[in-house]
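Open the model in your viewer and keep the selection panel handy. We will go from stop to stop, choosing something to select each time and looking at what is there.

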Amino acid sequence: MKPRKRIRKVSPRKRLINATKDVIRELYRIKYGSRCQICGKTRNDLGLFHILPTGRYSRLELAEDNILWAGWFCCHHKFHHDFYLAKDIEKRIQALRGKTYYKRLQKLAETAPKMDEAQIKEYKEEYKRKLVEAKQDDTYPEITLDIG
Ligand SMILES: [Zn+2]
């Protein structure tokens with residue numbers, strides 16, 4: 001007997017979120033290039049790094065203030081799984097986003113709109129506009145020094 005393929009159904013809402021994240025990745029690739037924003041190393045495992053986790057803070061899943069561009073193994077994974085290294089990464093986030101970033105994000109979590117489809121579409125359009133601007137901005141990618 002053939003093994004049955006597991007078909008995972010993705011809701012239209014989730015598809016829209018994923019499509020928006022694709023735009024954010026494209027934007028961040030232009031803005032921050034091939035370096036991890038946290039440690040400054042050139043990486044090929046760069047991805048979106050949510051400062052406040054999306055599980056608990058679902059309204060911040062597409063908020064630019066909550067998203068960094070970071071390597072998975074150099075920094076992202078450690079932030080979630082290594083208490084001591086997470087402290088260093090936190091300091092680096094403070095350097096990047098300001099000392100009060102945590103309070104600011106907490107506040108944003110309280111006021112951010114509910115992530116219904118209309119809101120997600122709005123995010124997507126906003127990021128598309130930013131992408132067009134970023135493509136015309138020759139100061140990108142921002143230089144990040146190797147901090148490690
Ligand atoms: Zn890193």
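Start with the packing around helix α1: the cover over its buried residues includes β2 and α5 (117-136). Keep in mind as you look that this is a predicted model.

Now select the buried residues of α1 themselves, which are Ile17, Thr20, Leu27 and Tyr28. Turn the view until you look down the axis of α1: these buried residues fall within an arc of 100°, so they line one face of the helix. Some background helps here: an α-helix has 3.6 residues a turn, so residues three or four places apart point the same way.

Next, select Pro12, Arg15, Asn18, Ala19 and Asp22, the exposed residues on the other side of α1.

While α1 is on screen, try a distance check on its ends. Helix α1 covers residues 12-32, and at 1.5 Å a residue its 21 residues should span 30 Å; the end C-alpha atoms are 30 Å apart, which agrees. Just past the helix, pick Gly33, which follows α1 and has a positive phi, near 65°. For context, most residues other than glycine have a negative phi.

Which loop holds Glu61? Select Glu61 and you will find this residue between β1 (46-50) and β2 (67-71). Is Glu61 buried or exposed? Glu61 counts as buried, because 21 C-beta neighbours lie inside 10 Å, and the cut-off for buried is 20 or more. Beyond its neighbours within four places in sequence, Glu61 is in contact with Ile17, Thr54 and Met115. Ile17 should look familiar as one of the buried residues of α1. For another distance, pick the C-alpha atoms of Glu61 and Tyr28: they are 33 residues apart along the chain and separated by 15 Å.

Move on to helix α2 (residues 72-81) and select its buried residues, Cys75, His76, Lys78 and Phe79. Around the axis they cover an arc of only 165°, which puts them on the same side of α2. Show their surroundings too: the buried residues of α2 pack against β1, β2 and α3 (83-97). Then flip to the other side of α2, where Phe73, His80 and His81 are exposed.

For the last stop, go to the segment after α5 and select Pro141. Display the backbone from Tyr140 to Pro141: this peptide bond is cis, with omega near -5°. By way of comparison, most peptide bonds are trans.

Key. Residues numbered from 1 in each chain as written. Predicted model: local features only at pLDDT ≥ 70, side-chain atom pairs only at ≥ 80, totals over all residues. Helix = DSSP H or I, 4+ residues; strand = E, 2+ residues; numbered from the N terminus. Buried ≥ 20, exposed ≤ 12 C-beta atoms within 10 Å, placed from the backbone. Contact = placed C-beta atoms within 7 Å. Expected span 1.5 Å × (residues − 1). Arc of directions from axis to C-beta.
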